[in-house]
Amino acid sequence: MRLLIGYDGSDCAEWIFTDLERAGLPEKAEAVILSVAETWLPPAMSGEIELSVAVTPPAVERAIKQAESKLAEAREIAANGARLLARRFPGWDIRHEATADSPAWGVLKLAGNWMSDLIVVGSHGYSGFNAFSLGSVSNRIVTESDCSVRVSRLSESSSDEPPVIVIGIDGSEDAELAVARVASRQWPAGTVVHLVCAIDEKISTQIIMPSESIKMWIEETDEDPIAW
């Protein structure tokens, strides 16, 4: 199993590691901790930056130095995340990476290139564009990803309690796949799984044929049946 974990060092991102212990994951897996520095490097800048000062405007030099600083900080954050993950999953093959990009696209690019089985992000992160927050970055990852995405949220429930899982099913192949994926994981004793099938909301808006008693009431009152 290949996991790509978007990590920005925020409190919510720290919860990812606790949450993963309740995700029924295997003892052996490959994981990449990715930290994205929201900055853009010139096309010629790959690895160490080697540009001639003589031909580089001062404003560009300052931008390059700021970009290098943000990227170096992202590397430290990713390395720290890898250490935290290794404490909880000592049997995993874990590495860390940092990239200069927008957070969502940085995660999606690596997930696609690496052919990840699962992307993991926090529901909220740091403010601004560096946030791995649902509704912005995480929302884009969930909707654009070609693989499964787990959004970890801070929870008040004890991490020692068995997980409670809700699976929405509708008889489709994707629903069957969701059930199969959950069944394939290693859940602790006492785990509860609820399978829920919801009626299509369009059905609730249909006009229901009135019963005989309602028909009689309509005839007696001359009420418009549409009003019912």
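This is a walk through the structure above, from its overall layout to a few of its residues.

Keep in mind as you read that the model is predicted. The protein chain has seven helices and seven strands. Followed along the sequence, these elements run in the order β-α-β-α-β-α-β-α-β-β-α-β-α-α. The chain counts 228 residues, and 33% of them are buried. If you look at contacts between residues at least 6 apart in sequence, 78% of them join residues at least 24 apart.

A good place to begin is helix α1, which spans residues 11-20. Why can α1 be called largely enclosed by the rest of the structure? Eight of its ten residues are buried, so the helix is largely enclosed. The buried residues are Cys12, Ala13, Trp15, Ile16, Phe17, Thr18, Asp19 and Leu20. What covers the buried residues of α1? The cover includes the strands β1, β2, β4 (118-122) and β5, along with helix α2 (58-88).

One of those buried residues, Asp19, leads us on to the salt bridges. How many salt bridges does the structure hold? There are five. In one of them the side chain of Asp19 meets that of Arg150, with 2.8 Å from N to O. This pair ties together distant parts of the chain, since Asp19 sits in α1 and Arg150 in strand β5 (residues 148-152), 131 residues apart. The two partners can be told apart by their accessibility: Asp19 counts as buried at 10% relative accessibility, whereas Arg150 is partly exposed at 22%. The cut-off for buried is under 20% relative accessible area, so Arg150 falls outside that class.

A second salt bridge joins Arg2 and Glu30, whose closest N and O atoms are 3.7 Å apart. That distance still qualifies because the cut-off is within 4 Å. Here too distant parts of the chain are linked: Arg2 belongs to strand β1 (residues 2-6) and Glu30 to strand β2 (residues 30-37), with their positions 28 residues apart in sequence. Both ends of this bridge are partly exposed, Arg2 with 29% relative accessibility and Glu30 with 33%.

The next salt bridge takes us to a loop. Where is Asp101 placed? Asp101 lies in the loop between β3 (93-100) and α3 (103-114). Its side chain meets that of Lys109 in a salt bridge, at 2.8 Å from N to O, and the two side chains are also recorded as making a polar contact at 2.8 Å. Is Asp101 buried or exposed? With a relative accessible area of 10%, Asp101 is buried; Lys109, at 48%, counts as partly exposed. Leaving out residues up to four places away in sequence, Asp101 touches Val36, Ala37, Glu38, Thr39, Trp40, Gly106 and Lys109.

Ser102 is found in the loop between β3 and α3 as well. It is buried, with 15% relative accessibility. Setting aside neighbours within four places in sequence, Ser102 is in contact with Val36, Glu38 and Trp40. Those three residues also appear among the contacts of Asp101.

Further along the chain we come to helix α4 (residues 137-144), where Asn139 lies. Asn139 is partly exposed at 36% relative accessibility. Between Asn139 and Val151 there are twelve places in sequence and 9.3 Å in space, taken from C-alpha to C-alpha.

Let us finish the tour of the fold with a pair of strands. In which sense do β6 and β7 pair? Strand β6 (residues 164-168) and strand β7 (residues 192-196) run parallel, and their pairing covers five bridges. At one of these positions, Val164 has Val192 as its bridge partner in β7. To get from β6 to β7, the chain passes through helix α5 (residues 173-183), and this β-α-β crossover is right-handed. When you look at the two strands in the viewer, a general point may help: in a regular strand the side chains alternate between the two faces of the sheet.

A last word goes to the cysteines. The structure holds zero disulfides. Two cysteines can be set side by side for their accessibility: Cys147 is buried, with a relative accessible area of 18%, while Cys197 is exposed, with 56%.

Technical notes:
Residues are numbered from 1 along each chain as its sequence is written. This is a predicted model: local features need pLDDT of at least 70, side-chain atom pairs count only at pLDDT 80 or more; totals for chains, interfaces and linings use all residues. Side-chain values use heavy atoms; hydrogens and water are left out. Two strands pair if DSSP finds at least two bridges between them. Helices (H or I, at least four residues) and strands (E, at least two) are DSSP runs, numbered from the N terminus. A crossover is right-handed if, with the strands pointing away from the viewer, the path from the first strand over the helix to the second runs clockwise. Buried means under 20% relative accessible area, exposed over 50%, partly exposed in between (1.4 Å probe, protein chains only). A disulfide is a pair of cysteine sulfur atoms within 2.5 Å. Contact means heavy atoms within 4.5 Å. A polar contact is a pair of N or O atoms within 3.5 Å; within protein, one must be able to donate a hydrogen and the other to accept it, and residues adjacent in sequence count only if both atoms are side-chain atoms.
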